[in-house]
Amino acid sequence: MIDKRHKTLGEFIIENQSSFQYSSGELSKLINAIRLAAKVVNHEVNKAGLVDILGGVGETNIQGERQQKLDVFANEKFIQTLKNREIVCGIASEEEDDFISINSSDEQHQNKYVVLIDPLDGSSNIDVNVSVGTIFSIYRRITPVGTPVQLEDFLQPGKNQVAAGYIVYGTSTMLVYTTGFGVNGFTLNPALGTFYLSHPNMQFPENGKIYSVNEGNYVHFLQGVKDYIKYCQEEEGDRPYTSRYIGSLVSDFHRNMIKGGIYMYPKSSVNENGKLRLLYECNPMAFIAEQANGLASGGRHRILDIEPTELHQRVPFFCGSKNMVEKLQEFLDKHYYGK
Ligand code: AHG
Ligand code: MN
Ligand code: MN
């Protein structure tokens, strides 16, 4: 139950501001802007089923706005909010081919953070009323403040992240994020438009009983992954495990973090690097996972150690409860190195 004794996200951000190194309030303002954009997108996602009634794509709605696909809408809202508030120097998004450079008009307050974002994750689930999400990742730029941002500011390994989080637009809407001091989850009270701290200090259970993978691709997986899936299905000890796959990374991850489980998007014979994007899907989720006592692997290496080479780079992704990821790693190591 959420009542007035629960801390709001706004209060939480102010209370925790002083714990950041070099804190100038900039990161707090940035999280605040994301909170605001999340509420706007949430409002739109919630009326997705009304699109036909209010006017389809390509038509003009009652306010004279053109109806857009929701992922385009979410992209614009997040970018607009961050741009208008002049709190970041650059943005990269799944929906944009190139990164966006933002010059602050205020010479005194040149911004030092870049944001990478998947504005709407699981967008194929919208039409069928299934949970979708937003994922964000924040870095301190490495090129000098006050100059235009460069590609290298975005191509940093995930371990450099200053903050990361996601919003899940589910049966309720939650914002979950970390600034490197654990993971906290906030639930939106839609009547008040306020996020409340509902899930303090979230942790993956060390063991889990859920595996999440698109098993339709089984035939294309590496032998190591196939062997692990068979292991999950064996009758032995606490197995067989339960299979749960929504097809929205955010929602699958969120459930697994609460209940204990592993999420897998392996590479396959048809998909050389898997499907998920390193910079705005895997890295932020890996940072959250590690902060919540879980693990995230790309198959051979820790996700957060990978040196990115491209903005929209894809990598295989295995993430979740510590003991489950370690077990999977044993199968993969056997496959890769024969040990
Ligand atoms: P997006 O909607 O941002 O393109 O991401 C979809 C991703 C991810 O959310 C999900 O886990 C995965 O695609 C599902 O892929 P499959 O349909 O291939 O299983
Ligand atoms: Mn996505
Ligand atoms: Mn997306």
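**Figure 1. Helix α2 lies across six strands of the sheet, namely β3, β4, β5, β6, β7 and β8.** In this predicted model, helix α2 covers residues 26–46 and runs at about 15 degrees to β5. Helix α1, made of residues 9–16, lies across β6, β7 and β8. The angle between helix α1 and β6 is about 10 degrees.

**Figure 2. Eight strands make up an open sheet.** Read across the sheet, the strand order is β2-β1-β3-β4-β5-β6-β7-β8, and the pairing is mixed. Strands β2 and β8 are the edges, since each of them pairs on one side only. Within the sheet, strand β4 (residues 132–140) and strand β5 (residues 163–169) run antiparallel and are joined by seven bridges. In this pair, I138 stands opposite A163 of β5.

**Figure 3. Strands β6 and β7 form a hairpin.** Strand β6 spans residues 173–178, runs antiparallel to β7 and is joined to β7 by five bridges. Across this pairing, M174 stands opposite T187 in β7. Four residues separate the two strands, and G180 in the turn has a positive phi of about 95 degrees. Strand β7 itself covers residues 183–189 and is mostly covered, with six of its seven residues buried.

**Figure 4. A hairpin of β7 and β8 also has four residues between its strands.** Strand β8 (residues 194–199) is antiparallel to β7, and five bridges hold the two together. T187 has Y196 as its bridge partner in β8. T187 also stands opposite M174 on the β6 side. In this hairpin, G193 takes a positive phi near 70 degrees. In a regular strand, side chains point to the two faces of the sheet in alternation.

**Figure 5. Three protein residues coordinate the manganese ion (ligand 2).** The donors are D118 (OD), D121 (OD) and E281 (OE), at 1.8 to 2.2 Å from the ion. Along the chain, these donor residues follow the spacing D-x2-D-x159-E. D121 lies in strand β3 (residues 113–121) and E281 lies in helix α8 (residues 278–291), so this pair ties together parts that are 160 residues apart in sequence. Are D121 and E281 buried or exposed? D121 counts as buried, with 5% relative accessibility. E281 is buried too, at a relative accessible area of 7%.

**Figure 6. The manganese ion (ligand 3) is coordinated by E94 (OE), D118 (OD) and L120 (O).** These donors lie at 2.2 to 2.3 Å from the ion. Their spacing in sequence is E-x23-D-x1-L. The pair E94 and D118 links distant parts of the chain that are 24 residues apart: E94 is in the loop between β1 (90–93) and β2 (100–101), while D118 is in strand β3. E94 is partly exposed, with a relative accessible area of 27%.

**Figure 7. D118 coordinates both manganese ions, ligand 2 and ligand 3.** How far apart are the two ions? The manganese ion (ligand 3) and the manganese ion (ligand 2) are 3.8 Å apart. D118 counts as buried, because its relative accessibility is 0% and the cut-off for buried is under 20%.

Key. Residues are numbered from 1 along each chain as its sequence is written. Chains are lettered from A and ligands numbered from 1 in the order in which they are written. This is a predicted model: local features need pLDDT of at least 70, side-chain atom pairs count only at pLDDT 80 or more; totals for chains, interfaces and linings use all residues. Side-chain values use heavy atoms; hydrogens and water are left out. Donors are N, O and S atoms within 2.8 Å of the metal (3.2 Å for Na, K and Ca); water is not among the atoms, so sites may look incomplete. Buried means under 20% relative accessible area, exposed over 50%, partly exposed in between (1.4 Å probe, protein chains only). Two strands pair if DSSP finds at least two bridges between them. Contact means heavy atoms within 4.5 Å. Axes are lines fitted to C-alpha atoms, for helices over the stretch in contact, and angles run from 0 to 180 degrees between N-to-C directions.
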